[in-house]
Amino acid sequence: MKQASYDIVIVGGGLVGASMALALAGIAQRYDLSIAIIDAAKAEDSTPTAAGDLDGRATALALGSRNLLDSIGVWADLASQAQPIMDIDVSDQGKPFGAKMHAQEMDQEALGYVLQNQHMGQVFWQQLTQHCDAQVAIIDQAQVLQVDNARQDSKLVYERTLEGQAEPEKVEITCQLVIMADGGRSSLRESLGMFNHQQSYDQVAVVVNVALDKDHQGLACERFTAKGPMAVLPLLPDVTSANSNAHNQHRAAIVWTQPQERETELAAMDDATLLAELQNQIGFRMGEFRALGERQVYPLSLSVAKEQARQGLAVIGNAAHTLHPIAGQGFNLALRGAFALAEQVHMACKDQAPLGDLAYLQQFVDASSGDQKRTVGASDQIMKLFSSRDKSLTLGRQLGLLAIQNMPLAKTVFTRSAMGLDRPLANVLAVPKAAPQTTEGGAS
Ligand SMILES: Cc1cc2nc3c(=O)[nH]c(=O)nc-3n(C[C@H](O)[C@H](O)[C@H](O)COP(=O)(O)OP(=O)(O)OC[C@H]3O[C@@H](n4cnc5c(N)ncnc54)[C@H](O)[C@@H]3O)c2cc1C
């Protein structure tokens, strides 16, 4: 078997693994570290194809996440793809009280931003390939089969079959630290006995983009109805010539929570019926829904890994926690976790300590666990509160919305926390801005 060695290996190049690599790139440049990021998919697959049209999932990025990405110099390349959220309208169908939040009254340029996942992924990968290739080696189309942190150094084995090769190539990597960002079904974490506390919501999220008949003006809506909560996020118009047609001018992304027993029905429902159901849930506060993109239906569950670090090993992103998408916090939480881990790597470098030293990794866990408990707990409580038709809970919900709307201090504290502005920035370094080069490098 071939051998290679790096200082840090990130398993999984999804949104979280790629942001982890970017958060570490500046530190790697300062302290001469080598990093590899390994993903089972082909690197070009993260290039957007129909992202500008009506297809593709979107993420609501909190202002605090924007600030983190800005602190490493990545936001400048994302900004042109980001739709600012100027106003948020929270309403409860058939009930008198709701809450409204405005960027202006919070003295912010926006309450958050909406980015299509494909655009975000493409910018992250461009940054890695164009600016960080001296620090970060990209190993794509490679499946990590095994991770072992029992020895002084961590080891992992990956298998890779490239075009024209009869036999898959197996490589063993030795490194100081393995970061597992391999997603919600992390079989590697489970193979190490780092188990999850998992609870199914018996719900699915219907995710679909719609064309609107008018400009949404940066309005985001959260609507609670007897049929399940729905979030509608404003999207930027698609201005690329390849995709320019009437449907792409005014667009919004919908996430609608539904009982699991409707999964098959919703996947098979014709567009006109689904369009009418969606419009009926939200009303016309964002205008008339004219057309639908491709829909996706995701099963929903809550999970938190009981153990998120060992000597030479740390777990981040969906591999560490999955939460209900109702409050749009999963990626935001994961990004804060990735930066908290990068901060500890930075500390270890300054102290000339081994990067896999459990004392530093434990500090990452301690720094993240309170945030995880609060964010996962809040998403879970909001989901339960706003999915219930129980009379006392409905009354509590209405009183809560009334209080948020009428108490400026409570509203400010609530909104600042949801925007991720109640935490200090992590101590990391900016992504190096080198001249563009090739995508491979760093192996020894
Ligand atoms: C409907 C919905 C709406 C959401 N909306 C929001 C929102 O508005 N705001 C927000 O903050 N969050 C949101 N989220 C959450 C957010 O999407 C996730 O937190 C985020 O995508 C997790 O990314 P990840 O990189 O951890 O995992 P993944 O995206 O699953 O990436 C894992 C990667 O690891 C690779 N991989 C896996 N196993 C291996 C292996 N053995 N070897 C090599 N590679 C491997 C895979 O190929 C993949 O690329 C939403 C989630 C859902 C379901």
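Below, a visitor asks about a predicted model of a protein chain with a ligand, and a guide answers.

Visitor: How many helices and strands does the secondary structure of the chain come to?
Guide: The chain has 444 residues, and buried residues make up 54% of them. Among contacts in the chain with a separation of 6 or more, 78% are between residues 24 or more positions apart. As for its secondary structure, the chain comes to eleven helices and 22 strands.

Visitor: Which residues are the closest to the ligand?
Guide: The shell around the ligand divides into twelve nonpolar, eleven polar and three charged residues. Helix 1, strand 4, strand 10 and helix 8 each supply at least two residues of that shell. Of the 26 residues that surround the ligand, the closest are Asp39, Arg57, Ala60, Asn318 and Phe331.

Visitor: What percentage of the area that the ligand exposes when taken alone does the protein bury?
Guide: Backbone atoms of the protein come up to the ligand at several places, including Val16, where a polar backbone atom is 3.1 Å from a ligand oxygen, and Val144, where a polar backbone atom is 2.9 Å from a ligand nitrogen. At Phe331, a backbone N or O atom lies 2.8 Å from an oxygen atom of the ligand. Taken alone, the ligand exposes 1,000 Å², and the share of this that the protein buries is 82%.

Visitor: How far apart are the end C-alpha atoms of helix 7?
Guide: Helix 7 runs over residues 271–282, which is twelve residues. At 1.5 Å a residue, the helix should therefore span 16 Å. The distance in the model agrees with this expectation, since the end C-alpha atoms are apart by 17 Å.

Visitor: Which residue caps the N-terminal end of helix 7, and which residue follows the helix?
Guide: At the N-terminal end, a side-chain oxygen of Asp270 lies 3.2 Å from the backbone nitrogen of Ala272, and this is how Asp270 caps the helix. After helix 7 comes a residue whose phi is positive, near 75°, and this residue is Gly283. The cap is thus Asp270, and the residue that follows is Gly283.

Visitor: Which residues in helix 7 are buried?
Guide: The cover over the buried residues of helix 7 includes strand 14, strand 15, strand 16, strand 17, helix 6 and strand 18. The residues of helix 7 that are buried are Leu274, Leu275, Glu277, Leu278, Gln279, Gln281 and Ile282.

Visitor: Is Gly17 buried or exposed?
Guide: Gly17 lies in helix 1, and, leaving out residues up to four places away in sequence, Gly17 touches Ile10, Gly12, Ile37 and Ala181. Gly17 and Ile37 are 20 residues apart along the chain, with their C-alpha atoms separated by 7.6 Å. Because its relative accessible area is 1%, which is under 20%, Gly17 counts as buried.

Visitor: With which side chain does the side chain of Gln308 make a polar contact?
Guide: Gln308 sits in the loop between strand 19 and strand 20, and at 9% relative accessibility Gln308 counts as buried. Apart from neighbours within four places in sequence, Gln308 is in contact with several residues, among them Met194, Leu313, Phe364 and Gln372. The polar contact, at 2.9 Å, is made with the side chain of Gln372.

Visitor: Is Lys170 buried, partly exposed or exposed?
Guide: Lys170 has its place in strand 12, and residues touched by Lys170 include Met1, Lys2, Leu145 and Tyr158. Lys170 and Leu145 are 25 residues apart in sequence, with 9.6 Å from C-alpha to C-alpha. Because 40% relative accessibility falls between 20% and 50%, Lys170 counts as partly exposed.

Visitor: What is phi of Gln141 near, and what is phi of Gln217 near?
Guide: Most residues other than glycine have a negative phi. Gln141, in the loop between strand 9 and strand 10, is partly exposed, with a relative accessible area of 26%, whereas Gln217, in the loop between strand 14 and strand 15, counts as exposed at 61%. Each is a residue other than glycine with a positive phi, which for Gln141 is near 50° and for Gln217 is near 55°.

Definitions and conventions: Residues are numbered from 1 along each chain as its sequence is written. This is a predicted model: local features need pLDDT of at least 70, side-chain atom pairs count only at pLDDT 80 or more; totals for chains, interfaces and linings use all residues. Side-chain values use heavy atoms; hydrogens and water are left out. A residue is near a molecule or strand if one of its heavy atoms lies within 4 Å of it. A polar contact is a pair of N or O atoms within 3.5 Å; within protein, one must be able to donate a hydrogen and the other to accept it, and residues adjacent in sequence count only if both atoms are side-chain atoms. Accessible areas come from the Shrake-Rupley method with a 1.4 Å probe; for residues, only the protein chains shown count as cover. Helices (H or I, at least four residues) and strands (E, at least two) are DSSP runs, numbered from the N terminus. Ala, Val, Leu, Ile, Met, Phe, Trp, Tyr, Cys and Pro count as nonpolar, Asp, Glu, Lys and Arg as charged, and the others, Gly among them, as polar. The expected span of a helix is 1.5 Å times one less than its number of residues. Buried means under 20% relative accessible area, exposed over 50%, partly exposed in between (1.4 Å probe, protein chains only). Contact means heavy atoms within 4.5 Å.
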